[in-house]
Amino acid sequence: MKNISLNIDKVLGTVSKEQIYALETQINESNTLLEDGTGEGNDFLGWLHLPSSITEEQLADIEYTANSLRAKCEVIVVIGIGGSYLGTKAVVEALSNSFDWLQADRKNPVILYAGHNIGEDYLYELTEYLKGKQFGLINISKSGTTTEPAIAFRLLKKQLEESVGKEGAKQRIVAVTDASKGALRKLADQEGYKTFIIPDNVGGRFSVLTPVGLLPIAIAGINIRDLVAGAVSMEKTTGIDVPMSKNISALYAATRNALYQNGKKIEILANFHPKLHYIGEWWKQLFGESEGKEHKGIFNASVDFTTDLHSMGQWIQEGERTIFETVISVEKPDHSLVIPTDEANLDGLNFLAGKRVDEVNKMAELGTQLAHVDGEVPNIKISIPEVSAYYIGQLFYFFERACGLSGYVLGVNPFNQPGVEAYKKNMFALLNKPGYEKESQAIKSRL
Ligand code: PA5
């Protein structure tokens, strides 16, 4: 089995190998902090050896529940925000046929999402779509108190109970939450829902390989054992005993820190495979929430190429030179499609006739890399042999490990997210939530 790989050759015009390897001691120290659990945020290191500790019993329980929901439901709504849905959406979009949900004879339930916004129109349209459909709900919230999913669940639970009765709803609702604390745990125990536990020591953005991700991914008909196997293999090849020259998580973490120290403050994750769009969204949460604190940290952006070459491409080529690019490059597409000859050749494309679409895409990728490097945008390349559950599992763990290391090298606690609370406090004060009386008065005087 091949592995995903990393190529940093095209950053070397901006930072030298010496500058990158000057960080090796810090990387090793950070690795020790992770392994020994002696760094900041050490109560959230459950993800570190999570892949290799998932048991057959846990996988079988997830698959059993997934199959029973698949048998009952044509639509599953995954309710969650941030780490409680992004990993699922990344895998489901990458590995499902893009048009499957439009087919009447599809094999898998349609997976929809709610609780990741407070859009009234979105929620209204969702409830309208669900009318008359056999649907189920997976309510995912570690804290159980997050406003967005709580509102969505309240609405959808009511709709489901009205449609199939309280008993029927109970068979179609699963809660994924804390083992003992929180509002969702209390509700699930009270109502008798099937539950799965998010371990205490795994933060939301590191939770895709817990039931948070594995349950809905299994419902979508994707092989979660392959996903986990990929992550297990990466856990081994990025371990503390693997030197930086051979350890892609360590090398990526060191390279991005060296670039940051050289004024490259923005990292753009690019793909040339549109089905990887949500991998970029998942990655932004992982790194953005882990590193953006104490007025430090690389700003994470993501783009889909070649689509965004026709929008952000101009900025990337000629805008402020504070960016670097990390490209996820897929070696082999799943399917083959050849460009046909056209007798009239009015579009002048006959020079491409007989070539595969992917050959054109690959040349676009190469041409873009060279253009951006010429434009002083250093380029890191992550190659994945193909878009499969195994390699996405590898990619998840590769990024998670790199994120832990990179955050420690930067000098922040990569495992908390204190800044996320600020908007919530203001929102609760503005909505007169009980207990927020003082904040309410203070905030209203500022309006
Ligand atoms: O990374 C995190 O912990 C957060 O972004 C959470 O994923 C997000 O806020 C959702 O939290 P919860 O699962 O508690 O509803």
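Helices and strands here are DSSP runs, numbered from the N terminus: a helix is H or I over at least four residues, a strand is E over at least two. This is a predicted model, where local features need pLDDT of at least 70, side-chain atom pairs count only at pLDDT 80 or more, and totals for chains, interfaces and linings use all residues. Residues are numbered from 1 along each chain as its sequence is written, and side-chain values use heavy atoms, with hydrogens and water left out.

**Exercise 1. Place Ser16 in the chain and say how accessible Ser16 is.**

Start with the location: Ser16 sits in the loop between β1 and α1 (17–21).

Next comes accessibility. Buried means under 20% relative accessible area, exposed means over 50%, and partly exposed is in between (1.4 Å probe, protein chains only). Ser16 has 25% relative accessibility, so Ser16 counts as partly exposed.

Last, a distance: from Ser16 to Lys362 is 27 Å in space, C-alpha to C-alpha, with their positions 346 residues apart in sequence.

**Exercise 2. Split the chain into domains and describe how they meet.**

Domain bounds come from an automatic or database domain assignment. For this chain, that assignment gives domain 1 (5–41 + 233–418) and domain 2 (50–227).

Now look at the spacing: the C-alpha centres of the two domains lie 29 Å apart.

Then count the contacts, where contact means heavy atoms within 4.5 Å. On one side 26 residues of domain 1 take part, and on the other 24 residues of domain 2.

**Exercise 3. Work out the strand order of the sheet that contains β4, and find what packs on that sheet.**

Two strands pair if DSSP finds at least two bridges between them. Going across this open sheet, the five strands come in the order β3-β2-β4-β5-β6, with parallel pairing. At the edges are β3 (110–114) and β6 (194–197); each has a single partner strand, so one side of each has no neighbour in the sheet. From one strand to the next, the twist averages 20 degrees.

Zoom in on one pairing: β4 (residues 135–140) and β5 (residues 173–177) run parallel and are joined by four bridges. Here Ile140 stands opposite Val176 in β5.

Now add the helices. For the angles, axes are lines fitted to C-alpha atoms (for helices over the stretch in contact), and values run from 0 to 180 degrees between N-to-C directions. Helix α6 (residues 120–130) packs on the sheet and touches β2 (75–79), β3 and β4, with its direction at about 150 degrees to that of β3. Helix α8 (residues 183–191) also packs on the sheet, touching β4, β5 and β6, at about 145 degrees to the direction of β5.

**Exercise 4. Do the same for the sheet that contains β1.**

The order this time is β1-β10-β9-β7-β8, an open sheet of five strands with mixed pairing. Its edge strands are β1 (5–7) and β8 (299–304), each pairing on one side only.

For a close-up, take β1 and β10 (residues 379–386), which pair in the antiparallel sense over three bridges. Asn7 stands opposite Lys381 in β10.

Two helices lie across strands of this sheet. α12 crosses β7 (266–271), β8 and β9 (323–332), at about 180 degrees to β8. α15 lies across β1, β7, β9 and β10, at about 150 degrees to β10.

**Exercise 5. Find the largest nonpolar core and say where it lies.**

A nonpolar core is a set of buried Ala, Val, Leu, Ile, Met, Phe, Trp, Tyr and Cys residues joined through side-chain atoms within 4.5 Å. The largest one has 96 residues, and Phe398 and Phe399 have the most contacts inside it. Helix α15 (residues 389–410) gives the largest share, 15 residues. Both domain 1 and domain 2 give residues to this core, so it lies between them.

**Exercise 6. Which aromatic pair does Tyr252 form with Phe398, and what does the pair tie together?**

Rings of Phe, Tyr and Trp (its six-membered ring) pair if their centres lie within 6.5 Å; planes under 30 degrees apart count as stacked, over 60 as edge-to-face and the rest as tilted. Tyr252 and Phe398 are 5.4 Å apart centre to centre with 35 degrees between the planes, a tilted pair. Tyr252 is in helix α11 (residues 248–261) and Phe398 in helix α15, so the pair ties together parts 146 residues apart in sequence. Both Tyr252 and Phe398 are buried.
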